[in-house]
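This report describes the contact between two chains, the division of one chain into domains, and one sheet of the other chain. The structure under discussion is shown below.

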Amino acid sequence: MGRYLERTECMCRLLQLQTEALVDRPARDIYVGWRRLYGVLRRIPPGGALALPDGDDFTLADSYTLAGDLTFERSNPDSVWNCFAQGRENARQMRHCISGEMWQRLNLAYLRLRDMEIEDIWLALPEGFYAGLAAETDAFDGAAQATMYRDEGWSFLRLGGFIERAQFAPALLLQQLAIDAESDGYAEEDWASLLEASHALEVYNRRYGAAVHPAAALDLLATDPLLPGSVYRSLKQISGEFATLGAGPGADSGYAAQRLIGRLLSLMQNEWPDSRDREGLLRRVLSEATNLHFMINEAYFDYPLTVRAG
Amino acid sequence: MNFDSYNLDAAIYDEMLLPDGSPREHSQQLYEMLLSISPERLSSVQEGVARSFLHEGIFFTVYGDEEAQERIIPVDCVPRVLSAPEWTLLDSGLAQRLRALNRFIDDVYNGAHAIADGVIPEELVIGCPNYRPEMLGYSPPEGVWVAICGSDLLRTHDGFFVLEDNLRSPSGVSYMIATRNAVKAGLRRLYRASRVREVEHYGNLLRQTLCELGPGGKPDPTIVLLSPGVYNAAFYEHMFLAHEIGAELVEGRDLLTRDGFVYMRTTAGLRRVDVIYRRVDDLFLDPFAFRPDSMLGVPGLLDACKRGNVTLVNAPGVGVADDKSVYPYVPDMIRYYLGEEPILGNVETYLCRRPADLEYTLDNLDKLVVKRVGESGGYGMLVGPHATPQERDEYAEQVRAAPADFIAQPVLTFSRAPCLVDGELEPRHVDLRPFILQGRETRIVPGAFCRVALRRGSLVVNSSQGGGGKDVWVLEE
């Protein structure tokens with residue numbers, strides 16, 4: 001549940017920026033936005049790979065199709081609708097473990113969302129729709145914070161969200177670095193929108209001023225210990241939840257997961273500052289964060305039955 | 001509101017009104033409220049009830065060829081009121097009935113004295129699809145085979161009748177409580193003034209009951225609720241009950257057996273389980289004992305149960321007592337085991353396996369309700385008076401081909417109660433499903449889920465067949 005809702009929120013934030021960009025940004029920025037989104041999801045856009053338009057004619061019609069694909073397409077497992085519906089379905093399956101307030105908030109949002117299609121939001125205010133849904137997931141987090149019993153269910157809910165972040169954040173950074181490499185340089189606007197999508201633009205401006213420099217932005221998004229969406233902080237939060245949960249009955253996997261997260265933290269803390277291959281480090285974090293998911297499953301749920309009754 | 005268009009029929013018992021149109025004494029307050037409330041206000045109460053179910057996500061899931069559909073049981077906001085004396089009668093009659101049914105099941109698997117004494121024919125018991133020879137010789141804690149029962153009752157001018165006893169996995173108690181919460185919120189002033197007895201403590205009573213049935217009288221046993229899983233139509237109820245009784249909600253894959261004991265996988269390791277409130281059918285409970293292809297059960301579960309290391313509630317094999325062919329013998333069971341006269345009557349029933357009953361059934365198909373003994377939920381049933389001649393002929397062929405699979409009952413003109421339909425009060429047929437718990441003592445919450453045949457003229461109250469629900473208000477003395 002935590003993972004699905006976190007992804008819903010991330011997708012909504014990116015799509016909100018993307019639809020806002022349609023109002024006044026040049027076609028190239030819009031292209032970069034879609035490219036980043038599809039790259040993170042490793043999904044082929046409807047109609048095939050995206051191409052940088054020659055002129056300023058990246059049409060609204062294309063964006064309409066792409067937004068529909070990423071928002072309401074039932075066959076796209078990462079569409080906003082699917083992520084949210086899966087989060088709600090997970091919540092339904094464990095309603096006895098979450099609070100009534102959490103369930104109601106999720107269910108009410110789902111009831112509003114379930115019959116919508118892209119045309120319902122497109123002509124009105126699509127960015128408002130995405131902002132609203134992101135706000136729903138924030139409100140769900142608030143309800144969880146205020147009402148959920150702090151047992152292992154709470155830890156697993158948080159763990160899911162942090163693992164999602166630990167995958168989503170490096171994936172997003174890697175996409176931007178790839179776009180920079182292809183463009184033979186960087187566009188300040190790309191990094192600014194990336195910071196904004198990561199709730200980091202205000203912090204960046206406070207620390208570094210108005211001009212956005214990719215190296216500084218990358219450092220902030222990757223290693224800042226206080227920024228909620230940074231790679232390092234996400235890993236640190238995972239480590240914290242592991243400490244709360246213990247190694248679990250599948251102790252071998254549990255300890256292996258704890259060691260892995262320790263290595264990743266060390267990587268971001270000690271190797272990152274001097275590394276010349278930051279892309280490589282991000283790739284490694286992305287890959288190992290995916291492994292963590294399976295290790296957790298084995299440590300706590302699907303553990304081998306050699307364990308004796310205690 | 002008014003009753004101007006209310007089609008009061010003196011031949012049919014009305015739960016609120018006397019044949020002259022005046023209210024029954026215990027319905028006086030509700031009647032006056034209905035007269036004083038505007039149609040718009042009552043409709044908004046009705047909408048509030050529906051909204052409450054929608055927002056809470058209280059639904060059953062129907063899986064078809066396309067996407068799964070979440071359906072909400074339509075609930076009528078006008079409660080059905082029962083007086084204290086009426087409830088006292090039901091309470092004692094239902095407790096008596098469950099005591100006798102438990103004695104009967106225990107006898108079936110331990111000596112079969114009732115068969116030897118000619119109280120019930122052996123072939124009915126042995127031939128029952130829910131008879132489980134695997135349970136022969138088993139003795140559950142406190143002699144309780146059925147700890148949770150949901151009986152369906154009808155009322156006519158002649159009183160209450162038990163239509164059937166649901167002993168295997170009686171469902172609907174979550175709807176009873178959800179309906180109460182929703183209706184109470186909509187009619188709060190009337191509810192307070194009416195001095196209605198509470199039903200919300202059902203979870204406490206259920207927990208007490210289950211705790212009393214732990215193996216070897218173990219105090220504070222570990223209880224789990226075994227569900228077939230999230231795709232089961234009644235999953236909401238499973239989740240609700242697990243929450244109410246403070247039990248873990250588990251599926252078969254969450255449990256395992258070791259050395260004759262049952263354990264639950266937890267994030268802290270294996271934990272022994274003492275009582276399993278199971279909502280999985282007998283045949284799927286244990287692939288070692290029953291269907292080997294079951295993915296819902298726990299290998300070795302029955303062995304653990306028979307060793308007395310875990311209690312299954314309700315015990316496997318109890319379906320032998322709620323078979324439609326066995327049902328006509330319940331009054332005799334009460335006399336035989338308890339030495340008492342039945343407080344609640346049965347509906348007259350013809351067993352088509354008997355030649356005389358078969359002949360009568362075939363000759364009177366247009367006056368009878370004919371049911372398949374193995375079906376439930378209103379399926380496989382012929383309502384003779386409402387069927388076409390062709391439907392009756394086709395059904396008669398099926399009855400002739402396998403008479404033992406059918407029973408027949410007269411069409412009862414069972415009671416009706418006012419319902420809000422399209423902004424007006426109209427009478428609809430209603431039944432009553434109270435829930436009876438049997439541990440060391442019998443416990444019955446004063447209330448029930450009232451099922452309503454929402455289609456005009458329909459006698460079918462099953463939710464799968466277009467039925468709805470209603471709150472039942474049992475008044476204090």
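In this predicted model, chain A and chain B meet in a contact to which chain A contributes 18 residues and chain B contributes 16 residues. On the side of chain A that touches chain B, at least two residues each come from α4 (80-93) and α5 (100-113) of chain A. The greatest contribution to this side is that of α5(A), which supplies five residues. Sorted by class, the side of chain A that touches chain B comprises nine nonpolar, six polar and three charged residues.

As to confidence, the predictor assigns the complex an ipTM of 0.76 together with a pTM of 0.87. For chain B, the mean pLDDT is 92, and 97% of the residues of this chain reach 70 or more.

Within chain A, the domain assignment distinguishes domain 1 (1-149) from domain 2 (162-310). Taken over C-alpha atoms, the centres of domain 1 of chain A and domain 2 of chain A are separated by 22 Å. The two domains of chain A also touch: 14 residues of domain 1 are in contact with 14 residues of domain 2. On the side of domain 1 of chain A that touches domain 2 of chain A, the elements giving two or more residues are α1 (2-24) and α2 (27-41) of chain A. The class division of that side of domain 1 is five nonpolar, two polar and seven charged residues.

The residue classes of the two sides described above are set out here.

| Side | Nonpolar | Polar | Charged |
|---|---|---|---|
| Side of chain A that touches chain B | nine residues | six residues | three residues |
| Side of domain 1 of chain A that touches domain 2 of chain A | five residues | two residues | seven residues |

Turning to chain B, how are the strands of its open sheet ordered? Four strands of chain B form this open sheet, with the order β7-β6-β11-β12 and parallel pairing. At the edges lie β7 (248-250) and β12 (311-313) of chain B, each of which pairs on one side only. On average, and with direction ignored, neighbouring strands of this sheet are turned by 25 degrees against each other.

One pairing in this sheet can be followed to the level of residues. Strand β11 (residues 275-278) of chain B pairs with β12(B) in the parallel sense, over three bridges. Ile276(B) has Leu312(B) as its bridge partner in β12(B). In general, the strands of a sheet pair through backbone hydrogen bonds, in either a parallel or an antiparallel manner.

How values were computed:
Residues numbered from 1 in each chain as written. Chains lettered and ligands numbered in written order. Predicted model: local features only at pLDDT ≥ 70, side-chain atom pairs only at ≥ 80, totals over all residues. Contact = placed C-beta atoms within 7 Å. Nonpolar A, V, L, I, M, F, W, Y, C, P; charged D, E, K, R; others polar. Domains from an automatic or database assignment. Pairing = 2+ DSSP bridges. Axes fitted to C-alpha atoms, helices over the stretch in contact; angles between N-to-C directions. pLDDT = per-residue confidence, 0-100.
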